[in-house]
Amino acid sequence: MFGKVLIANRGEIALRIHRACKEMGIATVAVHSTADADAMHVRLADESVCIGPAPARESYLNVPAILSAATVTNAEAIHPGYGFLSENASFAEIVAEHGFKFIGPSAKHIAMMGDKVTAKRVISEAGVPVVPGSDGPIDDLDKAARVAADIGYPVLVKAAGGGGGRGMKVARDETELRRAVPAARNEALVSFDNGEVYLERYLGRPRHIEVQILADEHGNVVHLFERDCSLQRNHQKILEEAPSPTLDDAQRERIGQICCDAVRKIGYASAGTLEFLYEDGEFFFIEMNTRIQVEHPVTEAICGLDVVRETIRIAAGERLSVRQQDLAINGHAIECRINAENPETFAPSPGRITEFHTPGGLGVRVDSALYSGYVVPPHYDSLVAKLIVHGATREECIMRLRRSLGEMVIGGIETTIPLHQRLIAEPDFASAAYDIHWLERLVAGSG
Ligand code: ADP
């Protein structure tokens with residue numbers, strides 16, 4: 001096992017990785033920008049290194065600075081967390097070339113899944129159903145029109161290199177399509193430095209259901225059941241739960257098995273998530289995330305397994321600590337993403353935290369790097385806390401969520417706590433009758 005791990009991230013996920021390392025007896029190195037000198041991940045780590053100024057491209061995305069930090073501190077491995085360099089294949093390669101272990105899958109698998117067109121082809125060849133769409137990237141408008149007519153309108157124009165819910169455009173007919181393709185291509189070029197776009201059937205009322213898998217370097221693969229992440233705004237997840245209230249055990253078992261077989265076939269090793277849209281009893285693969293995800297705690301809650309620890313064990317060449325037959329779903333879990341944003345306009349709300357009180361009690365977990373007096377910098381993602389509740393049933397979870405959201409105090413900035421309070425009070429949420437557009441309708445209805 002590694003003696004020392006460098007955590008190439010910030011915020012709650014840097015803390016999460018630090019905690020897993022400490023419990024494994026591994027020393028930690030934090031890296032930080034000048035804006036994060038007082039951040040909790042820096043305070044808790046055994047060592048810390050400043051890697052540049054506030055803008056992420058000069059610090060958390062600054063590969064030479066991160067490698068120097070690993071060298072001077074004698075770290076053996078680098079955990080990228082999520083975001084930043086976590087899905088950057090060349091980073092994974094450079095890390096290995098410099099003699100460090102990248103805690104994640106191989107550069108080859110990151111690149112394969114980072115290009116969504118390739119990902120869909122590979123995953124489909126491995127036996128997983130995918131959203132109907134173009135076979136490859138779309139380069140000319142006449143071809144786009146032919147493919148779209150085949151798929152049937154409405155269609156979604158998506159960026160092959162896309163992420164974070166950006167670079168998607170719906171087209172309801174050919175006129176819209178001829179406008180959407182160049183617009184999406186330009187947006188993709190600017191955001192992802194890759195102008196390749198492809199087409200998919202636009203599903204009208206699907207749920208977003210994703211399967212968490214773990215695979216080691218010895219060919220062992222397990223799935224940790226699924227998460228339902230249908231509550232989204234601008235294609236970004238707001239609240240996630242596990243298991244999905246809509247699947248029965250047979251459907252769950254079947255999709256889990258399909259995912260394990262595919263992952264085994266492509267030789268993937270690390271934690272990973274296969275994301276699906278689910279409509280009328282059918283699953284359609286959309287993409288695979290090759291990293292730890294923000295919403296991993298709901299899976300940890302129902303499986304009683306530390307997923308981050310597994311990623312570290314896998315990178316160290318160890319075998320998975322569980323077999324599929326050891327895994328069972330225990331109760332239900334829900335996570336609320338609490339962002340430093342106005343709960344109605346979603347305008348960012350950075351600033352000084354004047355008061356911070358986290359809820360507690362049975363079945364309550366808060367993952368956050370906030371503390372009273374801390375200043376939330378304006379330079380990074382607005383996620384400032386995750387509240388995760390676990391209970392015997394979904395109903396118990398909702399009651400616990402209501403109780404804990406009421407206890408939580410984050411003073412000095414605006415947060416999305418009131419949005420969560422509002423959405424969990426909705427009858428449609430109680431009956432789990434929602435799809436990926438439900439939350440946007442709720443928010444629009446109030447505006
Ligand atoms: P990203 O990598 O940017 O997160 P995804 O492909 O994972 O993009 O899609 C993000 C979200 O966009 C999905 O959870 C879903 O809400 C919506 N979406 C993606 N593809 C489709 C589709 N074919 N039809 C309808 N909605 C879609």
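## Ligand contacts

An N or O atom in the side chain of Glu287 lies 2.6 Å from an oxygen atom of the ligand. In this predicted model, the protein buries 96% of the 550 Å² that the ligand exposes when taken alone. Strand 6 (155-159), strand 8 (197-201), strand 12 (270-279) and strand 13 (282-289) are the elements that each give two or more residues to the surrounding shell.

Two further side chains make polar approaches to the ligand. For His208, an N or O atom of the side chain is 2.7 Å from a ligand oxygen atom. For Glu275, a polar side-chain atom is placed 3.0 Å from an oxygen atom of the ligand.

## Composition of the shell

The ligand is surrounded by 22 residues, of which Gly165, Arg201, His208, Gln232 and Glu287 come nearest. Sorted by class, this shell comprises 8 nonpolar, 7 polar and 7 charged residues.

Which domains supply at least three residues each to the shell around the ligand? Domain 2 (132-201) and domain 3 (207-446) both do so.

## Domain arrangement

The chain is divided into three parts: domain 1 (4-103), domain 2 (132-201) and domain 3 (207-446). Between domain 2 and domain 3, the C-alpha centres are 28 Å apart.

The size of an interface is often expressed as the accessible area lost when the parts come together. Domain 2 and domain 3 bury about 420 Å² between them, and carbon and sulfur atoms account for 51% of that area. The contact involves 6 residues of domain 2 and 5 residues of domain 3.

## Backbone geometry

Most peptide bonds are trans, and most residues other than glycine have a negative phi. Where does the chain depart from these patterns? The bond joining Tyr153 and Pro154 is cis, with omega at about -5°. Pro154 belongs to the loop between helix 7 (141-151) and strand 6, and strand 6 is one of the elements that give two or more residues to the ligand shell.

A cis peptide bond also runs from Ala242 to Pro243, where omega is near -10°. The loop that holds Pro243 lies between strand 11 (236-242) and helix 9 (249-266).

Asp193, a residue other than glycine, has a positive phi near 60°. Its position is in the loop between helix 8 (174-192) and strand 8. Strand 8, like strand 6, gives two or more residues to the shell around the ligand.

## Surroundings of His390

His390 is part of strand 19 (residues 383-391). Which backbone oxygen does the side chain of His390 reach? That of Asn330, at 2.8 Å.

Apart from neighbours within four places in sequence, the contacts of His390 are with Ala301, Ile302, Asn330, Gly331, His332, Ala333, Gly363, Cys397 and Arg400. Asn330 therefore appears both in this list of contacts and as the residue whose backbone oxygen lies within the 3.5 Å limit for a polar contact. His390 and Glu335 are 55 residues apart along the chain, and their C-alpha atoms are separated by 9.0 Å.

Technical notes. Residues numbered from 1 in each chain as written. Predicted model: local features only at pLDDT ≥ 70, side-chain atom pairs only at ≥ 80, totals over all residues. Heavy atoms only, no water. Near = heavy atom within 4 Å. Polar contact = N/O pair within 3.5 Å; in protein donor to acceptor, adjacent residues only side chain to side chain. Areas by Shrake-Rupley, 256 points an atom, 1.4 Å probe, with all protein chains shown as cover. Helix = DSSP H or I, 4+ residues; strand = E, 2+ residues; numbered from the N terminus. Nonpolar A, V, L, I, M, F, W, Y, C, P; charged D, E, K, R; others polar. Domains from an automatic or database assignment. Contact = heavy atoms within 4.5 Å. Buried area = accessible area lost by both parts, 1.4 Å probe.
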